Structures are given as C-alpha cells and as structure tokens.
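Dear colleague,

Please find the structure below, handed over for your use. My findings are set out after it.

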Amino acid sequence: MAHPVLSVRNLTIAFGRHVIIQNLSFDVPAGNCLAVIGPNGSGKTVLLKALLKLIPYEGEIQWSRDARLGYVPQKIAADRQLPLSLRDMLAAKASFLKLPSREIDQICAEIGLTQDLLSTSIGHLSGGQFQKALIAFALLGQPNVLLFDEPTASLDELTEERVYELLHSLQRSRGMTVILVSHDVSVVYRYADMVLCLSKGKPCMGPPKEILTPAMLEDLYSAPPKYYRHVEDRQKGS
Amino acid sequence: MAGGQALLVLLALLFALAAGLVGCFALMKRMVLASDVISHLALPGLGIAYLLKFNPLIGGAATLFLGTLLVWQLQKKTGLAADASIGVVFASALAIGAAVTPREDLIEALFGELRSISLLGFFLGLVATLLVVLSVILLKDRLALSVFSPDLAEATGVNVARVNLIYFLVFSLTVLVGLRFMGTLLASALIILPAATARHLTEKLSHFLLVSSAISLVSVLAGFVLNALVLRLSTVGPTIIIFSALLFALSFLKRTT
C-alpha cells in the first residue's frame with residue numbers, strides 16, 4: 001500500500017454539546033480517491049473543514065510533509081454581484097502564493113476555461129462555469145491533494161457528468177489524492193478507491209464493492225434499496 | 001487662500017483618495033452599516049475632548065480605535081449578520097456623544113469644520129493617508145480572497161480574522177483623517193458613496209478601485225469649489241456629500257450591473 005498522505009486518529013468534532021463526529025480514525029494512501037458518504041447532518045462537510053483546519057477539533061489530523069491541499073467547497077456564499085472577474089479571483093490567489101501569472105493560463109487551458117471567461121465577472125458565470133472556476137482556483141499552486149465537497153451540487157446532470165470526468169482525468173494525469181464528499185452513489189462507485197461512511201452509528205470504511213451494498217445503504221440512509229438499484233445492478237454486472 | 005486652508009484642501013484630497021480605495025472593500029464586505037457605526041464611534045471622544053478642552057482629534061481617535069476593536073470582536077464572534085448588536089453600538093455611541101458634547105460644538109463634531117490646519121496636522125494626516133493607501137495595496141489580494149469566500153481564503157492560508165482587524169483599523173484611520181472637515185456623520189458617507197457609484201460602472205477589481213478613487217477626488221474637489229463659490233456653508237462636508245450623491249444618481253444612467 002502507498003504511504004498515507006493523511007492519517008486521522010481519534011478525531012472528535014463537536015459544536016457545543018452536539019457531537020458531530022466521534023473517535024474517527026482512518027488513513028488515505030497517496031494517489032487514492034476516498035469518497036465520504038452519509039446522510040444529511042452526518043458531518044461530511046464538517047470533516048472536510050476539520051481536515052483543512054478551518055474548525056476546531058480534538059484528536060490528530062496528520063498530513064504528510066509534502067501534502068499541498070486544494071479545496072473545492074460545496075457552495076460559495078459569496079455575493080455574485082462582487083466586482084471581481086474570474087481572473088481577479090485567480091490572480092488574487094496566485095499573487096498571495098507568489099505564483100507566476102502564467103500558471104493561471106495553464107490551468108484554465110487544462111480545464112477548458114477560455115480567455116473570454118477569464119475576463120467575465122464571476123456573477124455572470126453559469127453554474128458549470130463557476131464550478132470549473134472553483135476547480136481552477138483549487139488547482140493553483142500545484143496541489144497534490146484535492147478536497148471536493150459535493151462539487152456538482154445544483155448542477156444539471158450533463159454538467160455534473162463533465163465535472164466528474166474532469167476530476168477523474170485530473171486525478172489520473174496528475175496522480176493526485178482526492179477526498180470527495182458526494183451524495184451520488186453511482187459516482188462514488190465509479191471513481192472511488194475507498195468509501196468512508198459517516199452515520200450516527202459506527203462509521204465504516206472499505207472498497208466501494210464491500211461498502212455500497214443495498215443493505216448497507218438502506219441502513220445508512222434509512223431508505224429502501226430501490227433508490228440504489230443501480231448499485232445492485234452494477235454489482236451484478238461486475 | 002491662506003496657507004492653512006490650502007493644506008486643509010490638500011489633506012481633504014488625500015482623504016478622498018484613501019476613502020475611495022477603502023470604500024471599495026467596505027462595499028464588497030457588505031459592511032456599510034458597520035462603516036457608519038465606526039465613524040460615529042468618534043463622537044463620544046470628540047465630545048469629551050470639547051468638554052475637557054483638549055485636542056478633539058485625540059479624543060476622537062481614542063474612542064474610534066477602541067470602538068473599532070469592539071465592532072471587530074462583534075463581527076468575529078457573531079458575523080456581520082448580527083446587525084442588531086452593531087445597531088446597539090451605533091445608538092450608544094451617538095447617545096453618549098450627544099450627551100457629553102457641549103451644544104455649541106455638537107454641529108462641528110457631527111458635520112466637520114472649515115478651519116485651517118497646522119503644518120504638523122497636515123503631515124500627520126499625510127502619514128495616515130499614505131499608511132491607508134499602502135495597507136490597501138498590500139492587503140488587496142487577501143481582502144479580495146476573504147470577501148469572495150472566508151473558507152477558501154483560510155484554506156489558501158489567509159488569516160481572515162487578522163485581515164479583517166487590519167482593515168477595520170485602516171478604515172478607522174481613514175475616518176480619522178476625514179473627521180476634521182466631514183464630521184462623524186459624513187466621514188463614512190464619502191467612503192461608501194464613491195464606491196457605490198463605481199460599482200455601477202465597473203466589473204473588475206482594478207477598475208473598481210481606480211474609478212472609486214477618481215470619483216471620490218472629484219467629489220471633494222467639486223465640493224470645495226461649489227461651497228466656496230455658491231453655497232458658502234460653514235462646513236464643506238454636506239456639499240461634498242450632495243455632489244457625491246448626485247454622481248451616484250447619474251451612475252444609474254450607465255450602470256453595468
């Protein structure tokens with residue numbers, strides 16, 4: 001097994017007396033894609049924010065020394081009316097990290113953001129373009145670990161498919177480690193090497209084929225297996 | 001025009017430049033209400049200084065910076081949505097200021113005055129203005145990132161709380177420079193109005209900063225000229241703000257948003 005890029009030991013996150021995650025331990029090997037699933041309120045976004053050290057936690061979160069993190073949030077509460085063009089946004093990060101400005105053009109070319117879009121106000125970008133912009137933002141600085149929090153929430157199916165294809169090709173071409181929060185079980189099944197299930201009971205982790213069984217999903221989401229039939233079908237087909 | 005008055009006009013123009021830059025981020029951070037509160041925080045200090053007969057700017061600066069730290073703590077602990085708390089600070093500062101300021105000095109404290117300034121006063125104002133302009137230029141990227149998304153900014157390595165504190169202090173310093181001729185009621189108006197006007201005309205950050213500063217400079221210059229030639233009021237603040245508001249109204253004719 002590749003060396004772990006991330007080791008989490010006895011992680012506990014609580015807001016006041018409300019415990020969200022308790023005594024969670026897991027490792028993520030370098031180059032792997034870990035999907036985090038679980039019902040609403042199970043702490044998926046909270047886990048990502050703790051991994052980024054954005055919120056207080058107890059326990060140990062240990063990134064390998066060479067880990068450079070990129071983060072694509074679930075949604076941006078930013079005012080879309082801000083007088084910021086896409087280039088302004090990317091240039092601010094590049095300037096803060098003292099990166100050469102050509103890196104902006106390289107990344108945008110790689111993920112299909114045109115020069116026209118770069119000079120467009122962020123408020124005028126479509127949902128898919130905005131999501132690509134966030135991915136470009138995350139890729140600045142050559143990260144080797146990407147954390148995605150439901151990167152396709154509120155996108156139509158076709159755009160969602162394109163975004164996941166983009167993520168997958170980036171992961172393969174750059175050999176990146178990906179930690180992905182997703183509600184879409186079929187996406188998790190297709191792209192993840194390992195799945196971490198967060199639930200009110202005991203969290204579990206394993207390869208998608210072992211974790212994404214109808215019985216497990218029914219238990220996790222408290223919903224009948226018919227909603228996850230495609231998973232069963234995939235398992236039969238594999 | 002006497003030398004002291006010329007220095008006052010020059011300092012007013014420097015204030016305009018700083019206000020135009022600072023206002024852009026105040027608008028982007030949606031802290032227009034907080035801005036108003038910050039400028040009013042000077043009033044109790046001005047009042048106490050008038051009452052005890054010492055330099056009003058020292059009193060104003062003391063309560064301004066103490067109050068700024070209070071507003072920053074409120075924002076840090078509760079977020080700007082806690083406008084009720086900010087409203088309480090605003091009302092309290094205004095009430096304390098009105099209670100302690102001698103009646104004959106209240107109008108000057110609220111709307112500023114047109115008295116000439118000393119060379120020392122000018123140089124202190126010049127240093128403060130340069131500090132404000134330099135801070136905004138150096139903080140531009142951090143501010144843009146934290147305005148866009150505090151989480152993304154933090155994940156990028158920006159200390160958002162520290163950037164907010166520095167910004168609040170820079171804002172207060174700008175208000176302090178403008179206090180003499182704009183007063184506590186109108187100093188923050190010149191920070192907000194040119195930025196609001198520029199927002200209608202631009203879509204890019206660099207243009208936004210440039211246009212806002214230019215509008216602010218034009219407003220102050222036109223305010224002084226109009227006041228000297230036409231209105232002849234004892235303070236120039238209202239004329240500057242009326243002209244600035246007029247430009248804001250005109251900007252609707254060519255808005256891009």
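The notes below take up chain A, then a helix of chain B, and finally the contact between the two chains.

Please bear in mind throughout that this is a predicted model.

Chain A contains 10 helices and nine strands. Of its 238 residues, 40% are buried. Among the contacts in chain A with a separation of 6 or more, 66% are between residues 24 or more positions apart.

One sheet of chain A is open and built from three strands, in the order β2-β1-β4, with antiparallel pairing. The strands β2 (18–29) and β4 (58–63) of chain A lie at the edges and have a single partner strand each, so one side of each has no neighbour in the sheet. On average, and ignoring direction, neighbouring strands of this sheet are turned by 15° against each other. Five bridges connect strand β1 (residues 4–15) of chain A with β4(A) in the antiparallel sense. Opposite S7(A), in β4(A), stands Q62(A).

Strand β6 (residues 145–149) of chain A deserves separate mention. Is this strand mostly covered or exposed? It is mostly covered, as five of its five residues are buried. In a regular strand, side chains alternate between the two faces of the sheet. In β6(A), V145(A), L147(A) and D149(A) point one way, while L146(A) and F148(A) point the other way; all are buried.

Two pairings of β6(A) can be described. With strand β5 (residues 69–72) of chain A, β6(A) pairs in the parallel sense over four bridges, and V72(A) stands opposite F148(A). With strand β7 (residues 177–181) of chain A, β6(A) is joined by five bridges, and the two run parallel. The bridge partner of V145(A) in β7(A) is T177(A).

In chain B, helix α7 (residues 119–148) has 30 residues, which at 1.5 Å a residue should span 44 Å; the C-alpha atoms at its ends are 41 Å apart, in agreement with that expectation. A bend of about 60° is nevertheless found in α7(B), at L139(B).

The contact between the chains draws on 22 residues from chain B and 21 residues from chain A. On the side of chain B that touches chain A, the elements giving two or more residues are α7, α8 (150–156) and α10 (205–231) of chain B. The largest share of that side, six residues, is supplied by α7(B). By character, the residues on this side of chain B comprise 10 nonpolar, four polar and eight charged.

Yours sincerely

Conventions:
Residues are numbered from 1 along each chain as its sequence is written. Chains are lettered from A and ligands numbered from 1 in the order in which they are written. This is a predicted model: local features need pLDDT of at least 70, side-chain atom pairs count only at pLDDT 80 or more; totals for chains, interfaces and linings use all residues. The expected span of a helix is 1.5 Å times one less than its number of residues. The bend at a residue is the angle between axes fitted to the seven residues ending there and the seven starting there. Two residues are in contact if their C-beta atoms, placed from the backbone, lie within 7 Å. Ala, Val, Leu, Ile, Met, Phe, Trp, Tyr, Cys and Pro count as nonpolar, Asp, Glu, Lys and Arg as charged, and the others, Gly among them, as polar. A residue is buried if 20 or more other C-beta atoms lie within 10 Å of its own, exposed if 12 or fewer, and partly exposed in between; C-beta atoms are placed from the backbone. Two strands pair if DSSP finds at least two bridges between them. Axes are lines fitted to C-alpha atoms, for helices over the stretch in contact, and angles run from 0 to 180 degrees between N-to-C directions.
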